[in-house]
Amino acid sequence: MLAYLARPRVACALACLTTFAASVAVGQTGPIATEPGARPRVGLVLAGGGAKGGAHVGVLKVLEELRVPVDCIAGTSMGALIGAGYASGIPARELETFLRGIDWKAVVGGVGGRDLQPIEQKRAGVTYSNNFELGLKQKQVVIPGGVVNTASIEDLLRTYVASARMQPDFDKLPIPFRAVATDMVTGDMVVLDDGDLATAMRASMAIPGAFAPVVTEDHILADGGMVRNIPVDVARDLCADNVIVVNLVEPSVAREKLQTATQLLSRSNGVMIEANEKLQLATLTERDVLISVQMGDITTADFERVPDTVPLGEAAAREAAPMLARFSVPAEQYSAWRAGVMSQQTIETKLADVRYSGLDRVNPEYLKSIAEVKPGDTVDITDISAEARRMSGLPDFESVEYRLVGDPASPTLEWLPQEKRWGPDYLRFDIGVYGSAGGDLGFVVYAKHTRTWLNSLGAEWRNEIQLGYENGLETSIYQPLDIGQRFFVEPRVNLSSNREDIFADGERIATYNFGDLGGALDLGVNFNRRAQARVGYLYTHRTVDVDTGSRFLPEGDFDDAGITAQLTYDSRDTAFNPTKGMAGMIEYLYSDDALGADRNWERLEAGFGMALPVRKDVVWATLAGGTDLGSTLPPDRLFMMGGPGSFPGYELGELRASAYWSAAGSYLWKLTDIMSLRGQALYAGVRLQVAQTYDRIDLIDDDEVYGGSVYITGRTQAGPLTVGLGTTSSDAWSLWLSVGRPIGHGTILERGVFR
């Protein structure tokens, strides 16, 4: 691995400028002076530029049409990605097909990854206002190296150059290749010339803050654009007599867009990159060709517009065709060269063994037990990639690497999963705000601590606290009972304190304080990534007292104890506003004095929701119901309905009854993308609902109630956002706003898997 100093020096700058001034205009046509019969060695230099880098494929297509052989390639960031593919033997049209087939939302934005998570990870809850997971080490909060999980990116890169990864010497690729990265310790340029080709690409495009750096024994590597976005000198050192440089040009920044601190800070990175670009471009001579691709309004982060960049590269290369023609060779000679550098990036082999290396906390036997790729299997790169994605769905890893070692005819698949460097203690934080025109106003702050892998079976210590409108504190130990974590036991202790309003015929007549102190012991089984069942014992000491208003409920201290059971299913793509998938939950509670209670009662509740994509829109349907199974539910244990989660038009918990059922359907029209890459968008929704309650606490007739609501909702950078207006056939109505963590715990649609 060759390292070059990348800090600009005055002498170097003066030399570069002198060379530039002495040369004639770049791209001048005319014969190139070489030895008779000798073809100049052509080095291709591909600039960094994120999503703009798709233009390189367009240039490559034109080079193939003009029969221009490429003798070596140097690239930075996205230029390294395209360059590595071409150097591995992938022709331009296949590169274009590859680019157009990438699901950038899944690869960069993480969309769709939830279905790979274990069911217990889904059931344990999510944070809504953000996706940040922090670590806790030596009593200090640790921030991850990047905000974007790179597991999908790394899997894409490994699949992209599957067979080329087997060649550790980049000089021995079909076309010699170099990738450029930055050493974050020294600030020097690092030229990657050997090792894992996929890792070299990943290091070259590791934008600081967005993607975690690639850590090696010698370096901490990040985006090469900081020191050499157009690595002309690297290509010359590698092989080039002449270079073809592809530069990706954005329009000049308008003065009026450089006024605020945020705008200036954002621009500072561009200034740094442009400075090192100018020094490299100044070294070009009349023997070289510069292709400047005008990118228009396509920016570095516009990954979903990558296909649009290919024609821009083609157009720019065709303009330079007269200059490029100097490097053209006869058809027969070019065909022979092309045949010599083409290589298929496919793998199909029978595995002699599968092993897991480099693990400190995670038990490799656990990974073996859940693996779908096993020793003796005949696999291709698609099978291995799917297994890598499944492993990356586990909460323990920040990346998942692999390599094939040993006998090429029957290799060993060696997994190299990278455990999260900020673990094993994790912190998550959340906030939520809810308000309605009818008087509901709530704010909550939530925090969760998880300590993972307490033992070889994968036990977790979980601690949750929430303060505000709903207060709660809970600690539990999730202890798997087998190496595959199929069976588990979870003891927990909880404390909660809430204020709830009591309504009579739509009027608030009292506010009560409910305090609970108790615990539970669950025994459960995880069927797969989507389903789980639990059964257990529950004890709760409840205190009920009136805060303001009429004494409508019995006050005092009560003990509830007995059997609980729960069945959960979840295949949704997101926990809030899913665009596809289903969720269902059945919950049973039985309290009996023979089990330590002083009140005997039963309740059974079930809920189901399904999201169906319709073009860019979504249909969301829910069914829910609860029954006391013929027992007498205490007034403080009645089912509650009301609020946007269970019945818009009513206030939170406005309806309290011994039994209920509800059916609702929503249609959501997609209005606009907020951040398309992360699946964040705003929808306009309309919801129709029908419900019926039985034995309401305020003795209102139990007729069917119809309701309708209109709302704007979506996942935003501040978390879920919903503003809506609902009304019912009983003349109730509500105007509400909800941001972040949902507030309300009435029906099963507002608890459990639906939270």
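This passage describes selected strands, loops and surface residues of a predicted model. Residues are numbered from 1 along each chain as its sequence is written, and side-chain values use heavy atoms, with hydrogens and water left out. Because the model is predicted, local features need pLDDT of at least 70 and side-chain atom pairs count only at pLDDT 80 or more, whereas totals for chains, interfaces and linings use all residues.

Strand 31 (residues 680-694; strands are DSSP runs of E, at least two residues, numbered from the N terminus) is mostly covered, with 11 of its 15 residues buried, where buried means under 20% relative accessible area, exposed over 50%, and partly exposed in between (1.4 Å probe, protein chains only). Strand 31 is joined to strand 30 (residues 659-675) by 15 bridges, the two running antiparallel, and to strand 32 (residues 705-716), also antiparallel, by 10 bridges; strands are taken to pair if DSSP finds at least two bridges between them. Within these pairings, Ala-684 of strand 31 is the bridge partner of Trp-669, while Gly-685 stands opposite Tyr-711 in strand 32. The hairpin of strand 30 and strand 31 has four residues between the strands, and Gly-679 in this hairpin takes a positive phi near 70°.

Thr-349, in strand 12 (residues 348-350), counts as buried because its relative accessibility is 7%. Its side chain reaches the backbone oxygen of Ala-409 at 3.5 Å. Leaving aside residues up to four places away in sequence, Thr-349 touches Asp-377, Thr-378, Val-379, Pro-408, Ala-409, Ser-410 and Pro-411, a contact being heavy atoms within 4.5 Å.

Backbone features were also found in loops. Between strand 16 (412-419) and strand 17 (425-436) lies Pro-424, and the peptide bond from Gly-423 to Pro-424 is cis, with omega near 5°. Lys-139, in the loop between strand 4 (134-137) and strand 5 (140-142), has a positive phi of about 65° although it is not a glycine, and is exposed, with a relative accessible area of 85%. Gln-485, in the loop between strand 20 (470-480) and strand 21, likewise is not a glycine but has a positive phi of about 55°; at 15% relative accessibility, Gln-485 counts as buried.

Phe-487 is placed in strand 21 (residues 487-504) and is partly exposed, its relative accessible area being 40%.

How values were computed. A polar contact is a pair of N or O atoms within 3.5 Å; within protein, one must be able to donate a hydrogen and the other to accept it, and residues adjacent in sequence count only if both atoms are side-chain atoms.
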